[in-house]
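Biologist: I should like to learn how the features of a structural model are read. May we work through one example together?

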Amino acid sequence: MGRVVKYTDELIYTNSTGSDIAAGDVVTFNSGALAGVAICPIAAGQSGSVYLSGVWELPTGSTFTCTQGAAAYWDATGGKVIATVASGSTAPQIGVFAETLAASRGAVQIVLNVAAITKTGA
């Protein structure tokens, strides 16, 4: 029988990136299987807390549009949210868009760690 071990939306993250992580930075676990946002700075080689849920405003590129409820992906190289993954590249889904944007404003709200649902009809 299962039991609650820890009822929270934060986990401890050990920073093995070789660089410091700033508060508010996106971090991914297990090659992007899970994403979080750093609560406070996490020095290289140290551990710190990251939030795993909530609605977060995260950076985008200068030419960016999205649809509310669609999958949001993380471009770790560019340090930004993207709406589509280019052919031949990879980017983990980190949530869904909490809003629709017809033009970029430099940031977008996403719901962290929520998967977009694909519906199939009969």
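**Reading the fold**

Modeller: Along the sequence, the protein chain follows the pattern β-β-β-β-β-β-β-β-β. The model is a predicted one. The protein chain has nine strands and zero helices, and its C-alpha trace spans about 40 × 40 × 25 Å along the principal axes.

Biologist: What percentage of the 122 residues of the protein chain count as buried?

Modeller: The share that counts as buried is 30%. Sequence separation is a further aspect to read. Among the contacts in the protein chain with a separation of 6 or more, 48% are accounted for by residues 24 or more positions apart.

Biologist: How is a nonpolar core read, and which residues have the most contacts inside the largest one?

Modeller: A nonpolar core is a set of buried residues of nonpolar types, joined through side-chain atoms within 4.5 Å. Here the largest has 15 residues, and Val-81, Ile-94, Phe-97, Val-108 and Ile-110 have the most contacts inside it. Strands S3 (34-38), S6 (71-75), S8 (93-97) and S9 (107-112) are the elements that give two or more residues to this core. Its largest share, three residues, comes from S9. Apart from this core lies another, of eight residues, including Ile-21, Val-27, Ile-42 and Leu-52.

Biologist: What does Ile-94 touch, beyond residues up to four places away in sequence?

Modeller: Ile-94 touches Ala-35, Leu-58, Ala-72, Tyr-73, Trp-74, Val-81, Ile-110, Val-111, Leu-112 and Asn-113.

Biologist: Ala-72 is in that list. Is Ala-72 buried or exposed?

Modeller: Ala-72 counts as buried because its relative accessibility is 0%, and buried means under 20%. Its place is in strand S6. With residues up to four places away in sequence left out, Ala-72 touches Val-81, Ile-82, Pro-92, Gln-93, Ile-94, Gly-95, Val-96, Phe-97 and Ile-110. Sequence and space may also be set side by side: Ala-72 and Ala-116 are 44 residues apart in sequence and 8.6 Å apart in space, C-alpha to C-alpha.

Biologist: How should a polar side chain be read, and with which side chain does that of Ser-49 make a polar contact?

Modeller: One reads its element, its accessibility and its partners in turn. Ser-49 is found in strand S4 (residues 47-51) and counts as buried, at 16% relative accessibility. Its side chain makes a polar contact with the side chain of Glu-10, at 3.2 Å. Neighbours within four places in sequence aside, Ser-49 is in contact with Glu-10, Leu-11, Ile-12, Val-37, Ala-38, Ile-39, Cys-40 and Ile-42.

Biologist: How many aromatic pairs does a search of the whole structure find?

Modeller: The search finds three. One is formed by Tyr-51 and Trp-56, with 5.9 Å centre to centre and 35 degrees between the planes. Why is this pair tilted? The pair counts as tilted because its angle of 35 degrees is neither under 30 degrees, as for stacked planes, nor over 60, as for edge-to-face ones. Both partners are partly exposed: Tyr-51 has a relative accessible area of 28%, and Trp-56 is at 23% relative accessibility.

Biologist: Finally, how is empty space read, and what lines the largest pocket?

Modeller: Rolling a probe the size of a water molecule over the atoms shows where empty space is left. The largest pocket has a volume of about 200 Å³. Its lining consists of Tyr-13, Thr-17, Asp-20, Ile-21, Asp-25, Val-26, Val-27, Thr-28, Trp-74, Ala-76 and Gly-79. Strand S2 (residues 26-29) gives the largest share of that lining, three residues.

Note on methods
Residues numbered from 1 in each chain as written. Predicted model: local features only at pLDDT ≥ 70, side-chain atom pairs only at ≥ 80, totals over all residues. Heavy atoms only, no water. Phe/Tyr/Trp six-rings, centres within 6.5 Å; stacked < 30°, edge-to-face > 60°. Buried < 20%, exposed > 50% of the residue type's maximum accessible area, 1.4 Å probe, protein only. Helix = DSSP H or I, 4+ residues; strand = E, 2+ residues; numbered from the N terminus. Polar contact = N/O pair within 3.5 Å; in protein donor to acceptor, adjacent residues only side chain to side chain. Contact = heavy atoms within 4.5 Å. 1 Å grid on protein atoms, 1.4 Å probe; cavity = no way out; pocket = protein on both sides within 12 Å on 5 of 7 lines; lining within 4 Å. Points joined across faces, edges and corners; volume = space filled by probe spheres on them.
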